[in-house]
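User: Could you take a close look at one part of this model for me, namely how its nonpolar residues are arranged? I'd enjoy a connected walk through it.

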Amino acid sequence: MAGTDVSGPLLEMQGIVKTFPGVRALGGVDLDVRAGEVHCLLGQNGAGKSTLIKVLAGAHQPDEGVIRWRGEQVRLSDPQAAMSLGIATIYQELDLVAGLSVADNVYLGRERSRFGLSRPAADQRATAELMARLGHPEIRPGTEVGALSAASQQMVSIARALSQDARLIVMDEPSAVLDNEEVERLFDVVRDLTAQGVAVVYISHRLEEIRQVGDRITVIKDGRTVATGLPARETPTREVISLMTGRTIEYVFPQRTERPAASAAPVLEVTALSVPGRFSDVSFTVAPGEILGLAGLVGSGRSEVLEAVYGARRPSTGEVRVDGRKLRAGDVAAAVGAGVGLAPEERKSQALLLGDPIYRNITLSSLARFSRAGFLSVRAEKAAAIEQTEALDLRPVDVDREVRTLSGGNQQKVVLARWLLRDCRVLLLDEPTRGVDVGARSEIYALVRALADRGVAVVVVSSEIPEVLGLADRVLVLADGRVMADEPATALDEHRVLDLVMQGLPSGATHTTEGHVA
Amino acid sequence: MTEQTSTTTAAGASPASDRPGPPPSTRGSSGGGFLSGSVGRNMGLVVAFALLCIVGIVTAGDRFASTDNVVTILRLAAVVGVVSIGMTFVIIGGGIDLSVGALVALSSVWATTLATQAMAADTHWIVMVGTAVLVGAVAGLVNGVVIAYGKLVAFIATLAMLAAARGLAEIIANRRTQTVRDESFLSFFGASPLGIPMLVWIFAVVAVAGWVLLNRTTFGRRTFAVGGNAEAARLAGIRVQRHTVALYVLSGVTCGIAAVMLMARTTTGSSTHGTLLELDAIAAVVIGGTLLVGGRGTIVGTVLGVLIFTTLSNVFTLNNLSSSSQAVAKGVIIVAAVLLQQRVAAGRRQKRSGKALPPTAAEGAPAGASPGVPAP
């Protein structure tokens with residue numbers, strides 16, 4: 001795209017593929033960055049942004065694809081290789097040593113020395129110059145980094161990048177930890193850098209920021225580039241959101257089941273639930289056999305609603321009832337006891353015992369059923385686990401296998417099997433197809449529908465609007481922590497949902513303290 | 001129960017007796033039943049233990065391979081062994097208990113005060129046992145509550161308990177050694193049913209009970225889950241805080257039992273009992289293959305760890321080597337054992353996951369998202 005430019009792109013990535021056991025994190029990403037531009041990288045959680053920048057930083061090796069730097073093909077075999085080319089990455093979790101001074105951090109690993117003695121004065125002078133160049137002379141070289149604000153710490157990271165003569169700086173959601181004024185100052189620095197010819201790859205979920213500071217946009221989804229080189233200021237918001245949330249592949253959604261019109265009493269009743277700073281006054285009911293979808297952007301409060309219902313997050317007001325009985329707020333065990341199950345967003349860290357066999361993961365929430373006076377019957381556990389894996393078509397059927405070795409789709413089935421085994425009444429699914437291979441998604445959809453047909457009340461959260469619309473019977477649209485609509489899925493389409501989402505977005509281009517990206 | 005007990009002691013003692021030959025793996029798989037899997041997994045330890053016994057026989061001959069000496073080894077192993085069983089639970093559950101030595105001292109002192117002994121004299125010596133166990137349990141409860149609900153790091157909380165409990169023991173005993181006067185207490189615990197000292201029986205019973213609790217009950221399964229992934233355990237509906245408290249109470253109870261055993265062995269209660277016991281217990285648990293980060297571990301490994309250390313001291317003592325050189329050897333063994341286990345574990349994982357990518361790649365978040373845990 002930029003190939004016709006006289007100068008040519010600074011960085012070109014073509015067809016980058018990266019596979020982890022069980023999941024394809026990147027399935028062909030293209031990205032080109034010109035010198036002196038702010039190139040925005042957009043994508044939902046799990047789209048592959050983090051993997052991509054790790055490839056760019058030399059922390060991950062791509063399985064396929066070509067990386068060109070100033071027109072020459074390069075291999076970024078380790079972080080040092082990337083750094084020596086002039087690619088610096090500023091991660092979300094800043095990699096600074098809190099107990100060392102600003103100057104020590106800037107020159108960490110490259111301290112100037114003479115006759116084996118360090119020369120702190122030289123480092124300090126150079127650091128002071130860098131800080132002045134960044135417009136932040138108030139950050140003193142001798143200050144301990146741990147005592148600085150998050151914004152100042154970012155400046156230290158940027159100074160470190162500059163001290164290494166970086167030509168390309170990747171910033172991973174730098175605004176997530178900053179307030180309005182700090183973001184403005186960060187933008188000033190970004191503009192100064194680009195004026196000096198440094199390229200910046202800027203990652204953020206916040207469209208209004210991208211309007212303010214970006215030159216061009218690349219959108220990735222499901223590990224692929226879906227659009228690149230879009231003008232950052234002119235591209236309509238609706239188009240950008242639609243690219244981020246739209247479908248890249250036609251999935252097969254199961255047929256909705258005809259239900260007797262609202263005759264059954266609701267299983268799950270949520271009334272006026274609020275978590276300060278996340279969402280407020282959320283109410284809904286779910287009938288047996290019904291699938292309720294929660295649609296919204298990152299930060300809309302959709303995952304937090306699930307967590308509050310499940311008791312993993314304590315609400316400030318409101319109540320949750322299952323089969324008419326009120327649940328104790330903030331008590332997961334009470335929710336599980338009442339028949340609620342959660343398949344959380346981060347399966348590996350929040351749901352699974354990765355080193356344990358499949359059967360133990362499946363029976364974890366139903367141990368009482370397999371025990372008499374506290375003594376477990378492993379035989380009964382395994383028999384029940386085998387029954388579930390067969391019902392879910394989970395391969396391999398060997399329930400002694402470590403969960404770690406399974407694919408994303410099969411790991412999700414293990415989590416679902418856990419709740420199936422409990423005969424749960426309410427199933428909460430947070431991003432049920434995250435990390436699941438595209439091919440296995442239809443299978444998960446069919447499973448969720450089959451569960452609902454057994455009378456389970458299901459609540460599904462997803463970043464992908466088509467997924468919510470295709471799977472759910474009824475959809476709750478959330479924006480900025482408020483319910484914008486509660487309508488049958490058939491009455492909504494993607495455009496309507498986008499309209500609702502945009503209505504709920506904080507107005508104006510100013511930065512707002514919307515929910516932290518979870 | 002009795003039959004299982006004798007299997008444990010037999011498995012532990014057989015290489016030390018006159019047959020140093022091949023490790024008792026065949027015995028485990030054919031007869032033991034419940035030992036088979038564990039012995040297989042702890043093959044390295046079994047081999048190390050067997051080698052140690054061979055060294056003992058070669059250097060000390062009959063002085064090592066006599067029934068008397070074997071009984072001596074087991075008797076010495078008993079006290080630290082009981083504490084190590086409790087420690088195994090705490091460490092598998094993702095914690096650590098540095099206060100065990102101090103709790104043994106406090107329990108032994110509290111159970112031998114004039115008041116307690118007077119009450120025991122009026123009623124039954126079981127009062128002394130009950131006191132020791134209760135003191136251990138309550139101190140463990142304090143540990144657990146501070147860690148689970150006060151959110152203190154286990155290392156710090158139990159370090160504080162270590163200092164406080166030993167201090168309290170000194171206050172109660174007024175820094176004097178308290179003699180156990182109850183003859184029936186001493187004769188009961190001094191007896192040797194079937195030629196095996198009562199202390200060894202107690203160790204065996206505690207070990208078997210610990211094995212059953214860890215591997216055959218919901219409590220044990222939840223311990224693995226809480227130590228392996230506390231967040232996943234919580235979201236699966238396990239009451240993680242309550243369980244954590246129970247683990248420290250359990251450790252406290254084993255300290256109480258160990259205190260009784262020490263009282264019987266030394267006929268005293270003293271604030272100096274159990275000094276540095278925590279280090280021996282942790283070392284035994286760790287070389288037994290239990291991961292310090294939690295989620296993995298075995299009772300059989302811990303028992304073997306205890307036996308290895310005790311036998312090592314015994315061999316050194318029989319050869320008139322100083323306790324200082326024993327300490328050096330101990331340090332070497334700890335490092336060597338853990339290094340070896342890491343190798344074995346890595347090899348096993350590679351074999352299991354077949355030709356998949358190296359384990360480091362498997363750890364990485366594949367979807368590229370940071371694992372932001374939205375715990376409140």
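Analyst: Happy to. A nonpolar core here is a set of buried Ala, Val, Leu, Ile, Met, Phe, Trp, Tyr and Cys residues joined through side-chain atoms within 4.5 Å. Please keep in mind that this is a predicted model.

By that definition, the largest nonpolar core has 135 residues, and Ile158(A), Ile169(A), Leu268(A), Phe284(A) and Tyr310(A) have the most contacts inside it. Let's stay with Phe284(A): beyond its neighbours within four places in sequence, Phe284(A) is in contact with Leu268(A), Glu269(A), Val270(A), Leu292(A), Val305(A), Val309(A), Val459(A) and Leu476(A). Apart from this core lies another, of 96 residues, which includes Ala165(B), Ile202(B), Phe316(B) and Ala337(B).

Now to the surface. In soluble globular proteins, nonpolar side chains tend to be buried together. Chain B nevertheless has a nonpolar surface patch of about 770 Å², made by Leu134(B), Val138(B), Val142(B), Val146(B), Leu152(B), Val153(B), Phe155(B), Ile156(B) and Leu159(B). Two or more of these residues come from each of α8 (126-148) and α9 (154-173) of chain B, with α8(B) giving the most, 4 residues. Val146(B), for instance, sits in helix α8 of chain B. Val146(B) counts as partly exposed because its relative accessible area is 31%.

How far can chain A be trusted? Its average pLDDT is 84, and 92% of the residues score at least 70. Two stretches of chain A stay under 50: residues 1-6, with 7 contacts beyond four places in sequence, and residues 508-518, with 32 such contacts. Where pLDDT is low, the predicted coordinates should not be read in detail.

Definitions and conventions
Residues numbered from 1 in each chain as written. Chains lettered and ligands numbered in written order. Predicted model: local features only at pLDDT ≥ 70, side-chain atom pairs only at ≥ 80, totals over all residues. Heavy atoms only, no water. pLDDT = per-residue confidence, 0-100. Contact = heavy atoms within 4.5 Å. Buried < 20%, exposed > 50% of the residue type's maximum accessible area, 1.4 Å probe, protein only. Patch = residues over 30% accessible without salt bridge, like charges linked within 9 Å, V, L, I, M, F, W, Y side chains within 5 Å. Areas by Shrake-Rupley, 256 points an atom, 1.4 Å probe, with all protein chains shown as cover. Salt bridge = Lys/Arg side-chain N within 4 Å of Asp/Glu carboxyl O.
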